[in-house]
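Visitor: Please take me on a close tour of one part of this model, and set it in the context of the whole chain. I would also like to know how far to trust what I see.

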Amino acid sequence: MRGAGPRAGGVRAGAGGLAEELGIDPSPQLQRLHALVLRQDPALDPPVDRPSPSTPPPPSPVSGQVAAGAPDALVGRAAEVDACTAAWRTALSGRPTAVAVVGEAGIGKTRLAEEVGQRASAGGAELVWGRCLDGGGSAAYAPWRQVVQALADSRGPESVARASAGRGAGALVLLPGAGGASAAVPAASPEVARTHLFEGVTAFLEVLAAERPLLLVLEDLHWADPETVQLTEHVVSRAARAPLCALLTVRDPEPGAAEATDRVLELVSRLPTGERVQLVGLSPDDVQRYAASRLEVAVDASVAQRLHARTNGNPFFIAELVRLLGEERAVAGRADVEVPRSVHAVLERRLAHLGSDLRAVLSAAAVLGRDVDVRLLAGVLGRSPLDLLEPLDAAATAGVLRSAGAAGQQQFTHALVQEVLLAATGPMRRAALHARAADVLEAQYAGDLARVAARLAHHHVAAGAVGDPERAVRACLLAASTALADTAYADAERHLTTALELVPSGGGSRSSELELEVRVRLAALASLVHGYGAADVLAQQRRAQQLVALVGTPEQRLSTLWGAMWSAIFRGDFTAADEQADEMGRVAERWQDDQLRLAHHHGKGVVHVQTGRIAAARAELELATALAADLAAGRRGGVTPVELLEHPLVSAPGWLALVLGLLGEDDAADACAEQARTAARSLGHAYSAVFLAVLEGWRHVFADRPREAVRVSDEGRETARTQGFQQLEAFCLGPHGWGLARSGGPGAVETGAAEIRAALEVFESLPGGASTGNLLFALCEALGAAGRWEEALQAGRRSLAALTERGEEPYLPAVHRALAECLRRTGAPAREAAEHEALARAVAERTGAVALLRRSATERQGVGSTLGA
Ligand SMILES: Nc1ncnc2c1ncn2[C@@H]1O[C@H](COP(=O)(O)OP(=O)(O)OP(=O)(O)O)[C@@H](O)[C@H]1O
Ligand SMILES: [Mg+2]
């Protein structure tokens, strides 16, 4: 952007300094210009009220409001504009599109977006901007918050009410004052809240885009949190028939920011309507035009050539270079200053010319980020805002800061300016400024810290050794809670991991409490996102358990013991799992805590099932299920929200249903399954719902009900996919593949077997291994359905070995029976098949899992009643 003041300097540079600097004889035009400058010719004065012909004032990058100043007339970029315009036209036809505009800093991404935006606006579209903040100090979904807010402002309350009715309600989560975070984020179910949010924003935009087409510019996504990118993908891929296009500006991968960039690039390559527009430097011809337009005088081709060689055609570099050389020449009165090699060097030299008071103000401002709140800046500097007027004016004149949007807000004219200032501030001074910023923020937002949680954590963390580690940990915990409430899991995990690194070591019980608080939350979050068996989950759990024994609350105990127990069950260590369940019982008695009691019976029950003591399992699970029903009905005090995965209120009846199924008591099993489904619904607990689908899937496998197995697994998979529960999604594959293979249809066996194999691969890759016996059994039956008895036999043998090795007895009758059939079909001696049949019977009688002896429902009924009689 052009500032009025320094422009004359730039012109002078073009007139003489630049040409001389670049070792060129000044061209006649430049000489003429130089002469004009020396005469202070009014022709060089900044244009007054001369609207730039093709570019009305651009929307401010922050809020979609109008900012001061107009961009340079666009030079070149015809193909890039065309590519974006084509995407926009596709969007207008009702297919949402996304275009990533990619390139190095200063190359012209924002300028291109402005151009496309301006054309779309001229055609009647609404242009809305949302920007990511640098330095990790922005809250999750920052650009989307700005978009939703800007739309709420521009469309007014009636449109907002229409757009946020029904499915669109989730958008209000991003709109403070319109319900904000309280817009229904049930504590027990962050996953549901995420769907609510994603679907909400999508529906909200669908309605508003139908009223008036929308071009969204999401800026600087190289600084985006992962969830911002996910939400972007969700909106573009799910918005139905909406004239909506998202322009995503992102820098080329740089160290430290490459991940976010990669995510954006992957997103546009995945989307059928995604597009990538790569920006490189302007051509020498365009450099000539650009330099001429900045200098407002024709520029010689040879000057342009050299300028191009120096800057690779980066427009920001060119503009700053021209300006610097002008300034220096004006100061030094001579032209023989060295030409800096990089845009950073240019900026460093420009900034070096500013007075020391101004530099001090700018250093502090740079620490606060690209956007600067003047009140906060004044607080950090220990000065009054009025005191800052003069330096801020000087900064504006130097083209370093400009006012942005709301009163009291300043913005660096370009991200690079702020970055260079920050790099030029010594590390100790920077840390001290961050510590000050944290203090001032805490004082200014004392009643509402959650509002600035991410920023506060950022400053505390950046203060490092200069700051207070305990306050830093607390700030990170708060930021994690805010992120979790926004369903931004990756962001929450980032804050918690940072918190853990900051816990003061050797600080006695205070430190232990802090560490425990972080670990409990980290373990729960990691198991939610990565699954129970993941290595980091196990590490968190181990450490949390040591600490919880020293300083834990009942909820923390429940959370750690429950998590540790499931991890143990998962890797087949039933002794360890049993110990955790017993410990839950002891703690339950000590604290007289019903949730712990329920978890204890539940845990014992599951361990019993897995080790083949089915009658004992039934007894424990019945106690657990009765407690669950009481707790759900509020008969025993309420349910305290604890960060657990499969919620005992859901999974106790779910497991009981599975056990009753093994015992052949289908009606009772169905009733328990219904209790579990109701609990999952009323808790709004997506993870539990998927886990229940897995249990139900297996119940149907063992009862030989392929269609039901497919149905429940389909539901489970869909939920797991939308929530990002990768491990659980794989859990659903076993019953699903089995059901597919056995419900027939051409190709069904192939697909089904492939699904089961995919699940096996996931299970085998887990650290510590996971139980694969049932999956191999499912594979055996799937292959048998296609008459591939030899392969089925192999799978059956591996299943038997896996189950035996882990002591998972209850499912053995099914495997023996399947093996007997494979042996008969492959022409093995009848004796071998008979042996397996006998084993099946013997195990079933010992464990009680008689339903596994018969396939059809009628046969099962028969067995159940025979034994019952
Ligand atoms: N094609 C162009 N024609 C005219 N001016 C341009 C062109 N491209 C960029 N500029 C100007 O160059 C400067 C830098 O461009 P811009 O801010 O768009 O870069 P950017 O790629 O968005 O950088 P960053 O990654 O740091 O955000 C701006 O002043 C812009 O107006
Ligand atoms: Mg930009």
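Guide: Let's start at the surface and work inwards: N312 is exposed, with a relative accessible area of 57% (exposed means over 50%, buried under 20%, and partly exposed in between, using a 1.4 Å probe and protein chains only). N312 sits in the loop between α10 (301–311) and α11 (315–332), where helices (H or I, at least four residues) and strands (E, at least two) are DSSP runs numbered from the N terminus. Its phi is positive, about 55°, although N312 is not a glycine. Most residues other than glycine have a negative phi. R241 is another non-glycine residue with a positive phi, near 45°. R241 is found in the loop between α7 (226–238) and β4 (244–251), and at 72% relative accessibility R241 also counts as exposed.

Before going inside, a word on the conventions. Residues are numbered from 1 along each chain as its sequence is written, while chains are lettered from A and ligands numbered from 1 in the order in which they are written. This is a predicted model, so local features need pLDDT of at least 70 and side-chain atom pairs count only at pLDDT 80 or more, while totals for chains, interfaces and linings use all residues; side-chain values use heavy atoms, with hydrogens and water left out.

On trust, pLDDT is the predictor's confidence in each residue, from 0 to 100. The protein chain averages 82, and 83% of the residues score at least 70. Among its elements, strand β3 (residues 214–219) has the highest mean, 96, and helix α1 (residues 7–21) the lowest, 39. Over residues 21–69 the pLDDT stays under 50, and the model has 96 contacts there beyond four places in sequence (a contact means heavy atoms within 4.5 Å). Residues 856–869 also stay under 50, with eleven such contacts. Where pLDDT is low, the predicted coordinates should not be read in detail.

Here is the wider setting. The chain has 37 helices and eight strands, and 57% of its 869 residues count as buried. Among contacts between residues at least 6 apart in sequence, 70% join residues at least 24 apart.

Now for the close look, at helix α23 and its surroundings. At 1.5 Å a residue, the 17 residues of α23 should span 24 Å, and its end C-alpha atoms are 24 Å apart, so the two values agree; the expected span is 1.5 Å times one less than the number of residues. Of those 17 residues, 16 are buried, so the helix is mostly covered. After α23 comes G572, with a positive phi near 85°.

The structure holds eight aromatic pairs. One of them is W566 with W655, a tilted pair at 6.0 Å centre to centre and 35° between the planes. Rings of Phe, Tyr and Trp (its six-membered ring) pair if their centres lie within 6.5 Å; planes under 30 degrees apart count as stacked, over 60 as edge-to-face and the rest as tilted. This pair links distant parts of the chain, with W566 in α23 (residues 554–570) and W655 in α27 (residues 648–662), 89 residues apart. Both W566 and W655 are buried, and ring pairs link them with W562 and F691 into a cluster.

W655 also leads us to empty space. The model has seven cavities of 30 Å³ or more, and the largest has a volume of about 490 Å³. A cavity is a set of points on a 1 Å grid over the protein atoms alone where a 1.4 Å probe fits but cannot get out, and lining residues have an atom within 4 Å of a point. Points are joined across faces, edges and corners, and a volume is the space filled by probe spheres set on them. Of the 23 residues lining the largest cavity, Q610, W655, W698, F731 and F763 lie nearest its centre. Helices α23, α27, α29 (686–702), α31 (726–742) and α33 (773–785) each supply at least two lining residues, with α29 giving the most, six.

Let's finish in α29 with H700. H700 is buried, with a relative accessible area of 6%. Leaving aside residues up to four places away in sequence, H700 touches R705, E708, A709, V712 and W738. The C-alpha atoms of H700 and P735, 35 residues apart along the chain, are separated by 8.0 Å.

Key: 1 Å grid on protein atoms, 1.4 Å probe; cavity = no way out; pocket = protein on both sides within 12 Å on 5 of 7 lines; lining within 4 Å.
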